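Colleague: I am new to this structure, and I would like to understand how its charged side chains are classified. Could you take me through the reasoning?

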Amino acid sequence: MDVQRNTLTEEYKKAVQEAAKVVKGGGVILYPTDTIWGLGCDATNEEAVQRIFTIKERAESKAMLLLIDSDAKLPGLVREVPDIAYQLIDAAVSPLTLIYPGGRNVASSLIAPEGTLGIRITHEAFSRALCAAVRVPLVSTSANKSGQPAPQIFAEISEEIKAAVDYIVPVRQDECTPARPSEIISIGLGGEVKILRS
C-alpha cells in the first residue's frame, strides 16, 4: 500500500505536523505504527533515545528498531545493503523488520553490540507520513515497561507510559483489533538469512 501524504485526512495531517514538531524538538511520542503502538523519537538524537530506555526501564544492551518510509534511506543507515534485503522487502506481505550488519548514523545505543541495526519500512498511513515529515529514522519500540506484555491496542497502554511522553498521537486510538508485532529476519552480507520471529 503506497500511501501518499496528500491522501491523508485533515486530522492525520494535523497530527503528523504536531508529532513532527515534537520529534524535531528532541521529544518522545506515543504513536500508531504498521504493527503495535510505539514509543518513538528521532533515532539520531542520543538524549531522546536515552529517554525511551528510561521510560521502558530497558537495558541498553537490548537495542530498539527503527522505522523509515522508503528503502532509499537504507544506504545511509547501514554500511552495505545486502541484495537479499531488497528481495525480502519486495516479497513481504506483512510488516517485516530486518536486522542489518554494519549499522551507522544513528544514536550509538540503537546499534547492538555486534554492530547490527533493526529497520522496518512502514506502509501505515500515519507513521509513513511522519517519517517523511521528520526526514530522520524514527525509533519504534513497544509502549510498555520492559518485561511486561506489549499492548496490542491503544486502550491497553498504561497511564504511566502515557504520562511519560511529550505527545500522544490522537488518531487510531479507538481501534479494538489486536495488532501483531512484525516478523524479524536477520540478514548477512553474504546473503545469510535467519528468521528470529515469524
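Modeller: What follows concerns salt bridges in this model, which is a predicted one.

Colleague: Why is the contact between lysine 13 and glutamate 10 called a salt bridge?

Modeller: The closest N and O atoms of lysine 13 and glutamate 10 are 3.6 Å apart, and since the cut-off is within 4 Å, the pair qualifies as a salt bridge. Lysine 13 and glutamate 10 are three residues apart in helix α1 (residues 10-24), and are therefore separated by about one helical turn.

Colleague: What makes glutamate 10 count as buried or exposed?

Modeller: Glutamate 10 has 60% relative accessibility, and because exposed means over 50%, it counts as exposed. Lysine 13, at 30% relative accessibility, counts as partly exposed.

Colleague: How do you know that aspartate 69 and lysine 73 meet in a salt bridge?

Modeller: Their side chains come to 2.6 Å, N to O, which is within 4 Å, so the definition is met. Aspartate 69 counts as buried at 12% relative accessibility, because the limit for buried is under 20%.

Colleague: What does the salt bridge of glutamate 124 with arginine 172 tie together?

Modeller: In this salt bridge the closest N and O atoms are 3.0 Å apart. Glutamate 124 lies in the loop between β5 (117-121) and α4 (125-134), and arginine 172 in the loop between β7 (167-168) and β8 (183-187), so the pair ties together parts that are 48 residues apart in sequence.

Colleague: How many salt bridges does the rule give?

Modeller: The count comes to nine salt bridges, and Glu57, Lys145 and Glu160 are linked in a network of salt bridges.

Definitions and conventions. Residues are numbered from 1 along each chain as its sequence is written. This is a predicted model: local features need pLDDT of at least 70, side-chain atom pairs count only at pLDDT 80 or more; totals for chains, interfaces and linings use all residues. Side-chain values use heavy atoms; hydrogens and water are left out. Helices (H or I, at least four residues) and strands (E, at least two) are DSSP runs, numbered from the N terminus. Buried means under 20% relative accessible area, exposed over 50%, partly exposed in between (1.4 Å probe, protein chains only).
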